[in-house]
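Colleague: I should like to go through this model step by step, with each term explained as it arises. Please show it first.

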There are 2 protein chains.
Amino acid sequence: MDLRTLITSAAHRHRQATAVVDGARRLSFRDAHERINRLANGLAGLGLRKGDRVASLQFNSHEVLEVDLACVKSGLARVLLNARAAAADHAYILADCGARALVFGPEFADDVEQLRPAVPGIEHWISTRGSGAGTVDYEALLAAATPDEPSAHVGGEDLHSLYYTSGTTGRPKGVMLVQRNWLALVRNHLIDIFPPRADDVLLHAAPMTHASGAFIIAHWIRGVPQVVLPRWDEAECLAAIQRERVTTLFLAPTMVIKLVAHPGLDRYDVSSLGNVVYGGAPMPVERLREALERFGPVFRQGYGLWEAPQLIITLPPEEHVTGGDPTRMARLASAGRPITFAEVRVVDDGGRPVAPGQRGEIVSRGDHVMLGYWQRPDATAEVLKDGWLHTGDIATVDEDGYIYVVDRKKEMIISGGSNIYPREVEEVLHTHPAVLEVAVVGVPDDTWGESVKAVLTLKPGLAATEQEILVWCRERIAGYKRPRSVEIVGELPKSAYGKILRREVREPYWQGRTRRV
Amino acid sequence: MDLRTLITSAAHRHRQATAVVDGARRLSFRDAHERINRLANGLAGLGLRKGDRVASLQFNSHEVLEVDLACVKSGLARVLLNARAAAADHAYILADCGARALVFGPEFADDVEQLRPAVPGIEHWISTRGSGAGTVDYEALLAAATPDEPSAHVGGEDLHSLYYTSGTTGRPKGVMLVQRNWLALVRNHLIDIFPPRADDVLLHAAPMTHASGAFIIAHWIRGVPQVVLPRWDEAECLAAIQRERVTTLFLAPTMVIKLVAHPGLDRYDVSSLGNVVYGGAPMPVERLREALERFGPVFRQGYGLWEAPQLIITLPPEEHVTGGDPTRMARLASAGRPITFAEVRVVDDGGRPVAPGQRGEIVSRGDHVMLGYWQRPDATAEVLKDGWLHTGDIATVDEDGYIYVVDRKKEMIISGGSNIYPREVEEVLHTHPAVLEVAVVGVPDDTWGESVKAVLTLKPGLAATEQEILVWCRERIAGYKRPRSVEIVGELPKSAYGKILRREVREPYWQGRTRRV
């Protein structure tokens with residue numbers, strides 16, 4: 001069984017059902033599938049062949065889904081650019097992956113003009129809205145191509161996609177996923193992440209270039225309609241949930257927090273929700289409790305990374321327990337347990353599983369694990385050892401196999417010889433009633449090397465002073481890891497996917513220093 | 001991911017939960033797993049090595065499950081003997097597969113004495129109840145072995161099991177399944193056959209040597225308790241469903257029919273049922289309607305065969321529609337649609353998919369398809385062509401992909417040059433109010449070569465004469481395929497798994513004839 005057969009069979013099986021809802025446009029599986037085939041054949045007509053990289057620079061849209069599935073059918077490696085990033089970032093990635101084509105949405109016409117001279121390797125600039133000099137019109141490409149099943153022979157070891165990951169240091173690296181990896185991801189979604197619910201409806205409220213987009217095929221196979229919001233907006237998201245009776249969606253933790261804090265929340269009917277997957281960044285337990293109180297037991301945590309896509313540890317809704325048995329309640333702080341078909345361990349430096357409660361690194365093995373980093377054999381060798389992907393995440397595991405992510409190995413603070421994991425300190429700060437979001441980082445300290453600093457934002461309408469928070473910490477956090485300084489800011493720097501960027505919080509304090517610890 | 005890791009991880013995860021209920025004995029996952037490891041190590045201590053065949057002759061019991069999982073861990077190929085078959089049948093299979101060990105239950109001590117001289121190749125006769133001369137005591141074997149994880153290195157291409165299938169002609173053939181096949185089966189069960197339900201409980205009421213036993217691993221992984229009934233008995237089955245709040249079980253169609261006809265049915269609470277899988281033989285639509293009326297929408301049809309295990313086409317409970325939309329209702333007569341990860345087609349003699357409504361042969365491809373028949377390359381080549389398993393089952397497929405099994409290719413009746421599929425005639429006979437079970441076969445006819453004969457049983461308390469039924473058929477069945485004779489009998493010959501054996505019904509009429517058509 002291959003991805004393409006799955007896609008084609010499902011298209012036939014569900015052909016009269018709605019596959020995509022994008023604004024006023026509703027495409028049936030038959031129509032969407034015909035467009036996908038036309039796109040695949042159109043791309044082949046442009047001379048694109050199996051293994052070629054096709055990039056996409058779009059906000060969420062039905063075209064993102066079409067590019068996704070057309071690339072699968074053609075064996076083209078899709079490269080999803082982050083719509084929130086700058087043209088220079090795109091240029092780096094496009095050049096690094098050697099893209100031959102770029103599909104772009106109307107919002108990116110200016111970026112494209114900057115990119116043309118910067119990335120001469122791109123032969124085809126494909127606009128989803130209209131044409132122009134040196135631009136292929138997406139709809140014209142489809143109209144001129146046949147709707148027949150594409151003829152490419154695609155195997156499990158053919159490239160499926162490159163996902164660019166920046167990590168905390170260095171230039172972005174392209175995570176190479178082959179079709180076998182993506183098939184494993186789909187299988188894992190079907191078994192562990194999306195238990196079928198009656199009348200399922202998926203909403204893409206978070207970027208389809210990121211986690212949300214990874215959900216496309218599993219839902220396509222099940223015949224589930226996928227509702228597309230062009231970009232993240234709390235009110236739009238809530239309105240779509242109510243209007244389309246959405247049952248499942250992906251949200252970054254920051255999006256969950258924003259929804260809970262949304263002043264108009266009570267005006268929307270969100271009772272259709274049943275499986276709201278959050279992940280991609282730590283979810284503070286206090287914020288999670290608030291979300292559960294407001295939305296009910298509909299949340300599912302997912303832990304994963306593109307190197308071992310997409311979710312390999314999960315805490316299902318029924319294990320989001322906020323009352324009763326303290327053992328079960330404590331698991332709210334965990335990422336959950338490994339999914340069925342991914343081997344996941346927490347190991348010491350020698351690769352041996354750690355004892356319950358001991359810290360180690362999360363590693364994973366299985367058909368989902370990436371082939372390696374694109375043209376970066378050294379970086380690949382650092383993380384792929386004997387088939388095990390080393391995630392760089394430090395965690396503990398309890399007697400029952402629940403995994404508690406402590407922090408990124410590289411974001412550990414070393415102060416006076418002690419190892420401090422920022423997330424642990426952040427979790428305590430989150431229990432302060434006025435704190436909304438927080439980043440704990442290490443800043444230069446002549447005595448201790450680094451000292452702990454908390455940079456935070458406050459909940460709307462609530463007040464606290466930096467001094468008050470320092471005092472508050474003194475009562476709750478052991479001396480060696482207690483923040484020595486606190487700074488209240490209006491906003492924290494975040495990635496396009498809503499992840500708080502500690503390295504950007506940290507950076508200004510280290511300006512001009514050669515050694516960054 | 002391999003089967004062994006799945007088994008071990010689940011044992012740890014669910015260690016305090018109940019894994020098996022066998023009479024008064026309740027084994028936790030921890031205890032059952034320890035026994036499995038001990039058995040695997042004990043078998044290794046006897047000198048059994050990866051690839052060796054270990055046979056099992058038992059009624060349903062916790063030991064069947066233990067042998068099943070211990071063989072997986074050790075890479076031993078398990079051969080499950082049919083408890084209802086004769087010693088001569090066992091002898092043939094044991095010699096054919098070259099079994100080195102036989103695990104047997106107390107009911108089979110006499111058979112074993114007959115088998116000892118007949119199958120000298122067996123080195124270890126392992127009794128689950130007590131020892132004797134030349135017999136290894138199962139419990140002593142476990143007690144003397146360590147509970148450590150067995151050390152065998154087992155891969156996906158190592159033999160998992162041999163399933164002996166008799167087919168309609170010739171000696172039984174051993175279907176070779178490797179661990180990769182069984183892993184695919186488990187994956188398919190998890191995705192398509194057993195949608196997780198709250199508080200699932202599995203009942204083995206049908207033989208674990210057959211379909212029911214194939215459910216063991218998927219439920220073990222999910223942490224679902226497995227209740228074991230030694231052998232099929234309607235009252236015991238109903239009592240167990242009520243007592244253990246059973247949610248899911250496998251039943252042969254004849255078992256479903258027997259349950260519905262059971263006079264004490266109303267005394268039992270069967271409201272816990274949610275996913276009753278039936279298959280292995282045709283299910284007459286009229287009997288299915290009765291079952292749905294009585295039990296509610298809890299039935300799932302599964303079509304499969306050991307060569308392409310285990311269920312590759314399924315009609316889920318929600319598609320068992322008995323009222324409303326006639327299109328949906330008509331699907332009660334279908335086996336359903338292919339499961340997600342099995343490619344299934346209905347093809348003509350040239351291997352091309354047939355048009356909707358046209359007859360063709362069901363073929364299947366995927367990781368589930370057997371390696372071949374044990375030491376029968378010619379028989380293998382007949383059914384495995386270009387990776388496609390040819391099932392020998394004739395079917396039609398409708399516009400929506402629902403597959404309607406017409407009949408076994410080899411059981412087709414040819415009368416006056418017309419092809420007649422017995423099942424089609426049987427389905428009509430099943431609509432007669434007094435008919436309980438029926439077998440339609442071809443009997444010798446000097447004019448037409450074969451003529452159609454119906455052999456049937458009546459429902460308890462209802463009466464009909466052969467002449468009445470002949471008249472009744474005349475009004476409902478086209479002349480060329482109408483039964484020319486009817487015989488009412490007390491019982492129809494059935495396989496140990498409850499499948500009506502048309503070839504045994506047919507046989508007496510062809511006695512002394514050299515040509516059997």
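Modeller: Two residues are in contact if their C-beta atoms, placed from the backbone, lie within 7 Å. The model is predicted, so local features need pLDDT of at least 70 and side-chain atom pairs count only at pLDDT 80 or more, while totals for chains, interfaces and linings use all residues. Residues are numbered from 1 along each chain as its sequence is written, with chains lettered from A and ligands numbered from 1 in the order in which they are written.

Colleague: How many residues of chain B are in contact with chain A?

Modeller: By class, the side of chain B that touches chain A has eight nonpolar, five polar and four charged residues. Here Ala, Val, Leu, Ile, Met, Phe, Trp, Tyr, Cys and Pro count as nonpolar, Asp, Glu, Lys and Arg as charged, and the others, Gly among them, as polar. On the side of chain A there are 17 residues in contact, and the number for chain B is 17.

Colleague: Which element gives the most to the side of chain B that touches chain A?

Modeller: Helices (H or I, at least four residues) and strands (E, at least two) are DSSP runs, numbered from the N terminus. Two or more residues come from each of α1 (3-13) and α7 (179-193) of chain B. The element that gives the most, with four residues, is α1(B).

Colleague: What turn lays chain B on chain A?

Modeller: Two copies of a chain are related by a rotation about an axis and a shift along it. The copies are superposed by least squares on the C-alpha atoms of residues with pLDDT of at least 70 in both. Chain B fits chain A with an RMSD of 0.1 Å and a shift of 0.0 Å along the axis, after a turn of 180°. That is the relation of a two-fold axis.

Colleague: Which residue of chain B comes closest to the rotation axis?

Modeller: The same surface serves both copies, as 100% of the contact residues of chain B recur in chain A. At 2.7 Å from the axis (C-alpha), the closest residue of chain B is B:I191.

Colleague: Which strands stand at the edges of the open sheet β25-β26-β27 of chain A?

Modeller: Two strands pair if DSSP finds at least two bridges between them. The three strands of this sheet have mixed pairing, and β26 (residues 449-458) pairs with β27(A) in the parallel sense over four bridges. Each edge strand has a single partner strand, so one side of each is left without a neighbour in the sheet; these strands are β25 (435-445) and β27 (485-488) of chain A.
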